[in-house]
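Student: I would like to go through this structure term by term, setting each value against its definition.

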Amino acid sequence: MDPKVCMHTGQLYHPGDESLQREQLKCLDKLYEFNQARPSDLERKRTLLREMFAEIGEGCCIEAPLHANWGGRFVHFGRNVYANFNLTLVDDTHIHVGDFTQFGPNVVLATAGHPICPELRERGFQYNAPIRIGRNCWLGAGVVVVPGVTIGDNVVVGAGSVVTRDLPDNVVAVGNPCKILREADGRDREYYFQNQTIDPSLL
C-alpha cells in the first residue's frame, strides 16, 4: 500500500521510503531556515511558519529551536499558541492544538510508534496515531505525549509527565504515567501559585 496513505491510517509502513524521504527533506530544509532566522526577524519567522505548518492561527509564537520530523507539515495550531524552546513534534501524522494552549520547554508530542515485535522493528516498520490537544491547555516543561492521545480543554499537565492515556476537560494531571491529580476548581480562581492570591480585577 502507498506509504503516504499508511502514514495517516495507523497502518505499518516504512518511513525510509524514497518518495517519503524526498518530501520530508524539503520540509526539513524549511525548518532549518526557521531555526536559523534571527530572533528579531519576527516577520520572516511568521512567514516560514505559515509555509511549514498545515494550519497556524494568528498570534502564535514558537521559540527556536523547533524540532519536527516533517517540519510541521501535519501540524494544526489554533490562535495564540505559545511554545517555549525545544518543542519536538514527531509529526509523522496529524497533531491538532487548540487556541491559547502553551507548551513549556522540551515538550515532546510524538505521533510515531514502532512494533514491540522485534522482527518487525528490525525491518524498520513504523505506525502513527494522531494527537489532539484542546483549547487553553498548559503542558509544563519536559512533558511527553505519546501516539493516539487526546487531551481535553483547560487541562494542566505537570512538568515531566508522560501522557499515555486521554485526559478529559478541566483537570490537573501529573506523573509517569500521567494521572489526574484533581479537577480545576474554585480555588484556582483565588490562587495562582501556592498561596499567592489573584487580583479579582483580573477575572
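Student: Why is lysine 45 said to have no salt bridge?

Tutor: A salt bridge requires a side-chain nitrogen of Lys or Arg within 4 Å of a carboxyl oxygen of Asp or Glu, and the nearest side chain of opposite charge to lysine 45, glutamate 63, is 5.0 Å away, so the criterion is not met. Charge here is assigned with Lys and Arg as positive and Asp and Glu as negative, while His and the chain ends are not counted. Lysine 45 is nevertheless buried, a term that stands for under 20% relative accessible area, with over 50% called exposed and partly exposed in between (1.4 Å probe, protein chains only).

This is a predicted model, in which local features need pLDDT of at least 70 and side-chain atom pairs count only at pLDDT 80 or more, whereas totals for chains, interfaces and linings use all residues. Residues are numbered from 1 along each chain as its sequence is written, and side-chain values use heavy atoms, with hydrogens and water left out.

Student: Which residues does lysine 45 touch, leaving aside those up to four places away in sequence?

Tutor: With contact meaning heavy atoms within 4.5 Å, lysine 45 touches Phe34, Ala37, Arg38, Pro39 and Ile62.

Student: What makes the buried residues of α3 line one face of the helix?

Tutor: In α3 (residues 42–52), Lys45, Leu48, Leu49 and Met52 are buried. Seen down the axis of α3, these residues fall within an arc of 100°, and therefore they line one face; the arc is that of the directions from the helix axis to the C-beta atoms. They pack against α2 (18–36), β1 (55–56) and β2 (61–62), where helices (H or I, at least four residues) and strands (E, at least two) are DSSP runs numbered from the N terminus.
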